[in-house]
Amino acid sequence: AYHGHADSVMGMSAEKNGQLATQPISPGTPQGAVDDLWVLPYDEPESLEFIRNNGASIAAVFVEPVQSRNPGLQPREFLHDLRKLTTDTGSLLVFDEMITGFRTCPGGAQEFFGVRADLATYGKVLGGGMPIGVVAGKANLMDPLDGGAWQYGDNSYPEVNRIVFGGTFCQHPLAMTASLATLRYLKEKGPGLQEELNDKTAKLAGELNNWFDEEEVPIKIVWFGSLFRFDFSTNLELLFYHMNLRGIFVWEWRNCFLSTAHTDEDIARIVQVVKESVLAMREGGFIPPKPGGDKAVGGNNTAGTRTASGNYPLNSAQQQLATLAEISPEGSRAYHVSAQLSISGTIDKKALSEAVDRVVERHEALRSVIRGVDRQEVLPPTPGLLQSTDLSGEKNIEETLPDWLRRYAGSPMDLEKGPLFTAHLIKTDPGKHRLILKGHHIIMDGLSMNL
């Protein structure tokens, strides 16, 4: 929950000798850079307790008041407790408002939550979209940046010792001009600007959330001010590609914003595109049918409701694997499920072959093939599935067998032609065999193979 990359914040929680510690989050960041950093969970009582117990060692506490990736979490009570606690311990409280900025009200999150931070950071919102970084805070903390308050034409001068301070965004004339214009615009419009925009966002979210509830779609919009995100209870990333196809772009990190440039017509179009995209995904089987219609049954990699023709609709997990097979046969091979059994003694090949056939006859999934990316067809039982290979005459079985197994494991499985489950018996020595079973994850999983 921070913005701006520097080695000193590139750490994640770890445990060392039973104590909270920090380790680099990325190669290239030295351990020494994060030794003065602790990373604590947000909005958790134990974090407050840790700060209380270690306050003498804590220079500053950084928080993103409303995390841009989790706008539904708006911990007013936690922030008030944190402000009191850091005041008691003498630690600085820093608000990261690079994203939330002035979206909720003219005073940002500090005004919204009624909490005054010691320092706050702002970003592109303040620059009207121009690249800019802004730090605001109490005078005693800001004066070392520029020497304090002074002006030309009198005897005043920068009385405070300055620290080294610079950066790519600092004092760029175009960004400075844009931010000044933005501040003047915000001041001229007053709180009504944010109130109107936030109201539009709330109405957009409310309309879609009501529709999601009516359709029993596992999607919810969470928002803070004019920032909103689509919250999924399952993997529905495909939604954004459908929206893009219909002319609505969603940023790759999935944060969405309404701005003063969006008209009521724009918002209505967004709502329409979301509904169209969801219905298209439902038609494709990526979202369960609406209650009252045909419902799929079963869990991951199981077939849905059987039709009279012997076809099954693919569920969402199967559809993803079918799509992958069309895009990348190599990627599809990664979803081969296999097992190998070592057997000693005399093999009754006829009985083993009949046993394999009985299993495949009993389980429709094992004799299914895939039609396109939305249907699964069950084929009639075909005897003689078990194949056999005799390697017992090989002089160097230690090399021959692994090579054979690699070729067998890597051989592609045609989802449309099948079979998607195979069995192969290898004779390695007199009285020693390997039974190799292989299936595609689109019709079975590891538990199925174990059974």
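Let me start with Asp-43, which is partly exposed, with a relative accessible area of 29%, and which sits in the loop between helix H1 (31-34) and helix H2 (45-54). In this predicted model, Asp-43 has a positive phi of about 60°, although it is not a glycine.

A residue with a similar kind of entry on my list is Glu-216, where phi is near 50°, again a positive value in a residue other than glycine. Glu-216 belongs to the loop between helix H7 (191-215) and strand E7 (219-224), and with a relative accessible area of 54% it counts as exposed, since the cut-off for that word is over 50%.

Staying with loops, there is also a cis peptide bond to point out, the one that joins Gly-418 and Pro-419, with omega at about -5°. Pro-419 itself lies in the loop between helix H13 (397-410) and strand E15 (421-429).

Now to Ile-248, which is found in the loop between helix H8 (238-245) and strand E9 (256-257). Is this loop residue buried or exposed? Its relative accessible area is 16%, and because buried means under 20%, Ile-248 is buried. If we leave aside the neighbours within four places in sequence, Ile-248 is in contact with Met-243, Arg-269, Ile-270 and Val-273. Taking Arg-269 from that set, the two residues are 21 apart in sequence, and their C-alpha atoms are 8.7 Å apart in space.

Let me turn to a helix, H10, which covers residues 316-327. Helix H10 has 12 residues and reaches 17 Å from its first C-alpha to its last, which is close to the 16 Å expected at 1.5 Å a residue. Which residues of H10 are buried? They are Gln-318, Gln-319, Leu-321, Ala-322 and Ala-325. Seen down the axis of H10, these buried residues fall within an arc of 165°, so they line one face of the helix. As for what that face meets, the buried residues of H10 pack against strand E10 (311-313), helix H11 (329-333), strand E12 (368-371) and strand E13 (375-378). At the start of H10, a side-chain oxygen of Asn-315 comes to within 3.2 Å of the backbone nitrogen of Ala-317.

Stepping back to the whole protein, the secondary structure comes to 14 helices and 16 strands. The C-alpha trace spans about 105 × 55 × 40 Å along its principal axes, and the radius of gyration is 31 Å, whereas a compact globule of 451 residues would have one near 22 Å. Buried residues make up 37% of the 451 residues. Of the contacts with a separation of 6 or more, 58% are between residues 24 or more positions apart.

Finally, a word on how far to trust all this. The protein averages a pLDDT of 90, and 96% of the residues score at least 70. Over residues 294-309, however, the pLDDT is below 50, and this stretch nevertheless has 35 contacts in the model beyond near neighbours in sequence. Where pLDDT is low, the predicted coordinates should not be read in detail.

Key. Residues are numbered from 1 along each chain as its sequence is written. This is a predicted model: local features need pLDDT of at least 70, side-chain atom pairs count only at pLDDT 80 or more; totals for chains, interfaces and linings use all residues. Side-chain values use heavy atoms; hydrogens and water are left out. Helices (H or I, at least four residues) and strands (E, at least two) are DSSP runs, numbered from the N terminus. The expected span of a helix is 1.5 Å times one less than its number of residues. Buried means under 20% relative accessible area, exposed over 50%, partly exposed in between (1.4 Å probe, protein chains only). The arc is that of the directions from the helix axis to the C-beta atoms. Contact means heavy atoms within 4.5 Å. A polar contact is a pair of N or O atoms within 3.5 Å; within protein, one must be able to donate a hydrogen and the other to accept it, and residues adjacent in sequence count only if both atoms are side-chain atoms. pLDDT is the predictor's confidence in each residue, from 0 to 100. The radius of gyration is taken over C-alpha atoms; the globule rule is 2.2 Å times the number of residues to the power 0.38.
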